[in-house]
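Subject: Model for your files

Hello,

Here is the structure we talked about passing on. My notes follow below it.

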Amino acid sequence: MHWLLANFVDEVPGVRSVAVVSSDGLLLLSSEPDPVAPRPGAGPTRISDVRMDLAAVVSGLASLTIGAARLMDGGRVRQTTVAMQDGMLFVMSISDGSLLGVHAAAECDLSVIAYHMALFVGRAGHVLTPALRGELRQALEGER
């Protein structure tokens, strides 16, 4: 999984960081965030904080869009995109509630990001079994 994630970040222009989040909102896997020049009042600066914040945002955004889809009888949420002045955020479901979150530069090509996210989900979906999720959680807890 680390290889797939590193490959995704290295090959897709504009990607700043990527996170795989479990259905219960825990960070399972993440890339090293691309350094962005800090601005006054900007969020955390430590890499571990940035990773955890991305996981929390991905989980919360997914929950919000799933709730909206239920209220609007919209069916299953396939992808969520947030356009910001200085960046983009994409969230896509992987399997059984797991999520892929991508933070990218504002000038990124949306179609290229979406295409590579779909490829990643296709490759990782069948690999992200409950046993592997448990191993990833234990490895992350061991790093803390």
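What should the 15 residues of helix α3 (residues 110-124) span, and how far apart are its end C-alpha atoms? This is a predicted model. At 1.5 Å a residue, the expected span is 21 Å, and the end C-alpha atoms of α3 lie 21 Å apart, so the two agree.

The buried residues of α3 are Ile113, Met117, Phe120, Val121 and Ala124. They sit on the same side of the helix, because the arc they cover around the axis is only 100°. The exposed residues Tyr115 and Gly122 are on the face of α3 turned away from that buried side. Cover for the buried residues of α3 comes from elements including α1 (2-11), β1 (15-21), β3 (79-84), β4 (87-93) and β5 (99-104).

On the overall layout: the protein has 4 helices and 5 strands, in the order α-β-β-α-β-β-β-α-α from the N terminus. Of its 144 residues, 40% are buried. Among contacts between residues at least 6 apart in sequence, 55% join residues at least 24 apart. The exposed surface is about 8,300 Å², with carbon and sulfur atoms supplying 57% of it.

One residue elsewhere: Thr65 belongs to helix α2 (residues 47-71). Its relative accessibility is 18%, and the cut-off for buried is under 20%, so Thr65 counts as buried. Leaving aside residues up to four places away in sequence, Thr65 touches Val77 and Thr80.

Regards

Methods
Residues are numbered from 1 along each chain as its sequence is written. This is a predicted model: local features need pLDDT of at least 70, side-chain atom pairs count only at pLDDT 80 or more; totals for chains, interfaces and linings use all residues. Side-chain values use heavy atoms; hydrogens and water are left out. Helices (H or I, at least four residues) and strands (E, at least two) are DSSP runs, numbered from the N terminus. Buried means under 20% relative accessible area, exposed over 50%, partly exposed in between (1.4 Å probe, protein chains only). Contact means heavy atoms within 4.5 Å. Accessible areas come from the Shrake-Rupley method with a 1.4 Å probe; for residues, only the protein chains shown count as cover. The expected span of a helix is 1.5 Å times one less than its number of residues. The arc is that of the directions from the helix axis to the C-beta atoms.
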